[in-house]
Amino acid sequence: MKASLYHYKTLRESPSEAELVSHKLMIRANMIKPLASGIYSWLPLGFKVLKKVENIVREEMDSSGCLEILMPMVQPKDLWDETGRSSEYGPELLGFKDRGDRDFYLGPTHEEVITDIGRKEIKSPKDLPITFYQIQTKFRDEIRPRFGVMRAREFLMKDAYSFDIDEKAMRENYQQIRSIYVKIFDRLGLDYRIVNADSGSIGGSSSEEFHVLADSGEDLLAFSDTSDFACNVDLIEEKDIDKIPGMPSPDGKGSLQIKKGIEVGHIFQLGDKYSKALGLKVQSDNTMKFLQMGCYGIGISRIIAACIEQNYDDKGIIFPKELAPFDITIILINQKNNSLINEKALMFYKRLKKSGFDILLDDRDCSPGVKFSDADLVGCPNQIVISQKALDNDAFEVINRSDLSKKELSESDLFAFFC
Ligand code: ATP
Ligand code: MG
């Protein structure tokens, strides 16, 4: 992609209300554009990263046999009355009336809708087990939207829902989907931990959260210093935080240490909470059984902010390979009226592209300083510099964004290095 055709426009300043590094950098890199409080558009660079997260999640969900669907964002209040959550969910639930005076909500989550699909589609134990998932926009009227897409009102979530005949099968399915989550977060290159958690307004018997560790995290997590015990401090009765560090671990092994985390995933064993409320049952062994459900969320858009919180320096974002909008930025130095530089850059571009790299060719008519600082800000893993000096000496600078180390490579060594 030629930068001159790509709306490659960065900002020098970030909004004064932006507190988190990720929020500032996403605005400055022009990945997102605020529209209203907690509501953002995704511009080309940001959208590309969003798609990368989506694709990793989709690949892993698909390959384990989960089935992708798409449910409506608009949900009738009647359905929420059946589970009682229309009155329980609270002010994050944004409602409105249609022209016929019927009440609807913008979906903050989809347990009601999926259970309604289940009661219409699942007719016998032969239809089980089954897990559906979607990648969809959610709306929650958060009391304090902040930190950019980290705590937005409108955001993208992957939510999956499993259906099983009994508790044992549900727990096995839960463990299998948990292991898919481990694969997903490993592939995303995040430093994360799994902790026991409170099931909150979603409900169910037990749940676990996936947290990206970061000092800017809003959640406090307690870890035993000698065992695998880890939980969200919401689960600990003692709410004075100073008293928790050093406290004996609830599993009786070691003492607790506290770290901060950003919740990027949350998985729940729902049991029959929704199937009972909505009458989702099948006949098995001559009895009618309410199905056992699990639900599994991943904050697709929040993951990008969380990833940046773990990967940046004073020059900008340092994207891990899997999430970078491009693999390589080719930087042309003073290329205007220099056909040799343009031709060489295009040749590099084509050859590297053929080898599977996604490349941003910075052919903009602007100073080298601007190109270097933009490349550092956006944070693609590699930069290749093409100048007249590089052509004269057959020595092309290759810059590694993560540590800004540089090496000079001849044309043939450069292709041997990348391809
Ligand atoms: P939080 O405790 O951060 O408010 P939650 O527990 O209400 O999140 P879940 O219902 O578990 O969230 O939703 C699944 C995932 O969706 C979360 O793990 C998180 O990654 C993401 N998510 C939730 N709320 C938001 C939000 N306001 N903005 C962006 N992502 C969000
Ligand atoms: Mg949660």
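Colleague: Which atom of ligand 1 is 2.8 Å from an N or O atom in the side chain of glutamate 142?

Modeller: In this predicted model, the atom at 2.8 Å from the glutamate 142 side chain is a nitrogen of ligand 1. A polar contact here is a pair of N or O atoms within 3.5 Å; within protein, one must be able to donate a hydrogen and the other to accept it, and residues adjacent in sequence count only if both atoms are side-chain atoms.

Colleague: Before we go on, what are the ground rules for the numbers and for pLDDT?

Modeller: Residues are numbered from 1 along each chain as its sequence is written, while chains are lettered from A and ligands numbered from 1 in the order in which they are written. As the model is predicted, local features need pLDDT of at least 70 and side-chain atom pairs count only at pLDDT 80 or more, whereas totals for chains, interfaces and linings use all residues, and side-chain values use heavy atoms, with hydrogens and water left out.

Colleague: OK, back to the ligand: which residues come nearest to it?

Modeller: Of the 14 residues around ligand 1, the nearest are Glu142, Arg151, Ala152, Glu263 and Arg302, where a residue counts as near if one of its heavy atoms lies within 4 Å.

Colleague: And what do valine 264 and glycine 265 offer to an oxygen atom of ligand 1?

Modeller: Both offer backbone atoms: an N or O atom of valine 264 lies 3.4 Å from an oxygen atom of ligand 1, and a backbone N or O atom of glycine 265 lies 3.5 Å from an oxygen atom of ligand 1. The protein covers 87% of the 580 Å² of accessible area that ligand 1 has on its own, an area that comes from the Shrake-Rupley method with a 1.4 Å probe, and for residues only the protein chains shown count as cover.

Colleague: Which elements give two or more residues to that shell?

Modeller: They are strand 8 (154-164) and strand 13 (256-271), and strand 13 gives the most, with 4 residues. Helices (H or I, at least four residues) and strands (E, at least two) are DSSP runs, numbered from the N terminus.

Colleague: Zooming out, how many helices and strands does the protein have?

Modeller: There are 12 helices and 23 strands, and the C-alpha atoms fill a box of roughly 85 × 55 × 40 Å along the principal axes. Of the 419 residues, 51% are buried, which means under 20% relative accessible area, with exposed over 50% and partly exposed in between (1.4 Å probe, protein chains only). The protein exposes about 19100 Å², and carbon and sulfur atoms supply 49% of that area.

Colleague: What about long-range contacts, those between residues at least 24 apart?

Modeller: Among contacts (heavy atoms within 4.5 Å) between residues at least 6 apart in sequence, 69% join residues at least 24 apart. Serine 301 in helix 8 (residues 300-310) can serve as an example, being in contact with Trp42, Leu50, Val149, Phe155 and Leu156 once its neighbours within four places in sequence are left aside.

Colleague: Is serine 301 buried or exposed?

Modeller: Serine 301 is buried, at a relative accessible area of 3%. Glutamate 54, in helix 2, is also counted as buried, at 7%, and touches Ile135, Leu156 and Ile300, not counting residues up to four places away in sequence.

Colleague: Different topic: which residues of helix 10 are buried, and what covers them?

Modeller: In helix 10 (residues 368-378) the buried residues are Lys371, Asp374, Ala375, Asp376, Leu377 and Val378. Their cover includes helix 1 (21-28), helix 2 (44-63) and strand 21 (382-386). Glycine 379, with a positive phi near 80°, follows helix 10.

Colleague: Which peptide bond is cis, and where is its proline?

Modeller: The bond from leucine 128 to proline 129 is cis, with omega near -10°, and proline 129 is in the loop between helix 5 (111-121) and strand 7 (130-139). Most residues other than glycine have a negative phi, and most peptide bonds are trans.

Colleague: Where are aspartate 101 and aspartate 285, then, and what is phi at each?

Modeller: Aspartate 101 has phi near 65°, in the loop between strand 5 (95-97) and strand 6 (103-106), and is exposed, at 53%. Aspartate 285 has phi near 50°, in the loop between strand 14 (281-284) and strand 15 (287-290), and is exposed too, at 68%.
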